[in-house]
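Biologist: Could you take me through a single part of this model closely, starting from one residue and the contacts around that residue, and then set that part beside the charged pairs found elsewhere?

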Amino acid sequence: MNLNNFQQNLDKLRPWLTILAVAWLLASLGLGWLVNSLLIIFGLLLIIPIVAFFGFRWWLQRNLVTDKCPVCGCEITSLNNSQLQCPNCGEQLLVKNSQFSRFAPEGTIDVTAIEVPAKSLEE
């Protein structure tokens, strides 16, 4: 039973031992550069996705803006320095300096109306 266990363990190690033997043979023949280049390529294939993931998260944290629509007050998320349409009221919005503002074509004057209390003539 112990010999059977040893045989099963050897079967699990056989691919790794083969890779190690091939690498040793290539290194002994003066092809160590090939082994080193394969190890570098393998290392880059492992590292590049990790660096890309954290780089994308960093970029997204710097450029993702969550604010309220200046017209209807609906909370919207968008990218900085972009243009979008409010999903609630349909107003064209512009995202600049991490704030939403109404998008108006060149030459349009945007005013804000305020309510003024009226006095009756009897006063």
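Modeller: In this predicted model, Val65 touches Ile76, Thr77, Ser78, Asn80, Val95, Ser98, Gln99 and Phe100, leaving aside residues up to four places away in sequence. Val65 also belongs to the largest nonpolar core, a set of eight residues that includes Ile76, Val95 and Phe100, and the other members of this core are Cys69, Leu84, Cys86 and Leu93. As a general background, nonpolar side chains in soluble globular proteins tend to be buried together.

Turning to charged pairs, a search of the whole structure finds two salt bridges. One of them joins the side chains of Arg102 and Glu91, at 3.3 Å from N to O; because Arg102 lies in strand E5 whereas Glu91 lies in the loop between strand E3 (82–85) and strand E4 (92–96), this pair ties together parts that are 11 residues apart in sequence. Arg102 is partly exposed, with a relative accessible area of 40%.

The side chains of Asp11 and Arg14 also meet in a salt bridge, at 3.4 Å from N to O, and these residues, three apart in helix H1, are separated by about one helical turn. Asp11 is partly exposed at 39% relative accessible area, and Arg14 is likewise counted as partly exposed, at 44% relative accessibility.

Helix H1 (residues 2–28) also holds Leu13, which counts as partly exposed at 46% relative accessibility and which, with Trp16, Leu17, Ile19 and Leu20, forms a nonpolar patch on the surface with about 570 Å² of accessible area together.

Technical notes
Residues numbered from 1 in each chain as written. Predicted model: local features only at pLDDT ≥ 70, side-chain atom pairs only at ≥ 80, totals over all residues. Heavy atoms only, no water. Patch = residues over 30% accessible without salt bridge, like charges linked within 9 Å, V, L, I, M, F, W, Y side chains within 5 Å. Areas by Shrake-Rupley, 256 points an atom, 1.4 Å probe, with all protein chains shown as cover. Salt bridge = Lys/Arg side-chain N within 4 Å of Asp/Glu carboxyl O. Helix = DSSP H or I, 4+ residues; strand = E, 2+ residues; numbered from the N terminus. Buried < 20%, exposed > 50% of the residue type's maximum accessible area, 1.4 Å probe, protein only. Core = buried A, V, L, I, M, F, W, Y, C linked by side-chain atoms within 4.5 Å. Contact = heavy atoms within 4.5 Å.
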